[in-house]
Amino acid sequence: MGRLKVGILISGRGSNMEALIAACRAPDAPAEIVLVISNVPTARGLAIAAEAGVATKIVNHRNFADRAAFDAALDAALKAAGVELVCLAGFMRLLTERFVAAWRDRMINIHPSLLPAYPGLDIHERVLADGARFTGCTVHFVRYETDTGPIIAQAVVPVRPDDTPDSLAARVLEQEHRIYPLALRLIAEGRVRVDGERAFVIGAAAPDAVLISPTF
Ligand code: GRF
């Protein structure tokens, strides 16, 4: 069986993209990154991808009349590259209902909280303001409502009393770089089944998701 063809959508730094590219370099990797698309021409991730020998493309949302036209261009580029699974990795554009439906159960996202808690932006600030003792990150299939969809993998990160939004973001990011490649591998190996709004990892100890808990 061939390797799963993956397209990554980014808007900026691209550290999760980099983790996915690195994981796919393993000789036994069940997935390959065939295209990285950025909507921001200056995104740092574009240079990282190019350096790694991955094809890149800029689809600048500013060049399109509306979201539908922008999403159609994304869709066309992904299809032209033969993409079978889309990974959102710090992609900062809202996608249309049509695009999300077209890639249903074939598009995943990483979010720096334990969803369904703390969807949206300014997550670490809100976690600290609430006095939460634990936070983390989530990989999930994408549904139309922002940061919703069947959960594939999560990692827990304890909040320290002296944490700042930046220190917390850094420790959560370390875990993002572990669980995003893990989730991709599970999907590419055919070990993730989606049933409506729940994802099941076949053969995982936890029946509904993979939970990684770093040492406290
Ligand atoms: C990550 O925290 C990710 O969870 C969120 O946006 C950030 C992107 O960072 N969706 P990077 O571009 O992958 O470094």
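Here are four short exercises on this structure, which is a predicted model.

**Exercise 1. Backbone oddities**

Find which residues a cis peptide bond joins, and say where the proline of that pair lies.

*Solution.* Start with what to expect: most peptide bonds are trans. Now check omega along the chain: a value of about 10° turns up between Leu115 and Pro116, so that bond is cis. Next, place the proline: Pro116 sits in the loop that runs between β5 (107-111) and α5 (123-130).

**Exercise 2. Two aspartates with positive phi**

For Asp105 and Asp147, work out what phi is, where each residue lies, and whether each is buried, partly exposed or exposed.

*Solution.* Keep the background in mind: most residues other than glycine have a negative phi.

- Step one, phi. Asp105 has a positive value near 65°, and Asp147 has one of about 60°.
- Step two, location. Asp105 belongs to the loop between α4 (97-102) and β5, while Asp147 is in the loop between β6 (134-141) and β7 (151-158).
- Step three, accessibility. Buried means under 20% relative accessible area. Asp147 comes out at 15%, so Asp147 is buried. Asp105 has 28%, so Asp105 is partly exposed.

**Exercise 3. How α5 meets α6**

Describe the packing of α5 against α6 (residues 165-188): what are the angle and the axis distance, and which residues touch?

*Solution.* Two numbers get you going, since two packed helices are described by the angle between their axes and the distance between the axes. For α5 and α6, the angle is about 115° and the axes are 9 Å apart. The class from 65 to 115 degrees is roughly perpendicular, so that is the label for α5 and α6. Handedness comes next: α5 and α6 make a right-handed crossing. Finally, list the contacts. From α5 you have His124, Glu125, Val127 and Leu128; from α6, Pro165, Leu168, Ala169 and Val172. Sort the residues of this contact by type and you get 6 nonpolar, 1 polar and 1 charged.

**Exercise 4. Hunting for disulfides**

Count the disulfides, then say how far Cys87 and Cys137 each are from the nearest cysteine sulfur.

*Solution.* The cut-off to apply is a pair of cysteine sulfur atoms within 2.5 Å. With that rule, the count is 0. Take Cys87: the nearest cysteine sulfur belongs to Cys24, 8.1 Å away, and Cys87 is in no disulfide. As for accessibility, Cys87 is buried at 0%. Now Cys137: the nearest cysteine sulfur is that of Cys87, 15 Å away, and Cys137 is in no disulfide either. Cys137 is buried too, with a relative accessible area of 0%.

Key:
Residues are numbered from 1 along each chain as its sequence is written. This is a predicted model: local features need pLDDT of at least 70, side-chain atom pairs count only at pLDDT 80 or more; totals for chains, interfaces and linings use all residues. Side-chain values use heavy atoms; hydrogens and water are left out. Helices (H or I, at least four residues) and strands (E, at least two) are DSSP runs, numbered from the N terminus. Buried means under 20% relative accessible area, exposed over 50%, partly exposed in between (1.4 Å probe, protein chains only). Axes are lines fitted to C-alpha atoms, for helices over the stretch in contact, and angles run from 0 to 180 degrees between N-to-C directions. Angles under 35 degrees count as roughly parallel, over 145 as roughly antiparallel, 65 to 115 as roughly perpendicular and the rest as oblique. A crossing is left-handed if the near helix is turned anticlockwise from the far one by less than a right angle, and right-handed if clockwise. Contact means heavy atoms within 4.5 Å. Ala, Val, Leu, Ile, Met, Phe, Trp, Tyr, Cys and Pro count as nonpolar, Asp, Glu, Lys and Arg as charged, and the others, Gly among them, as polar.
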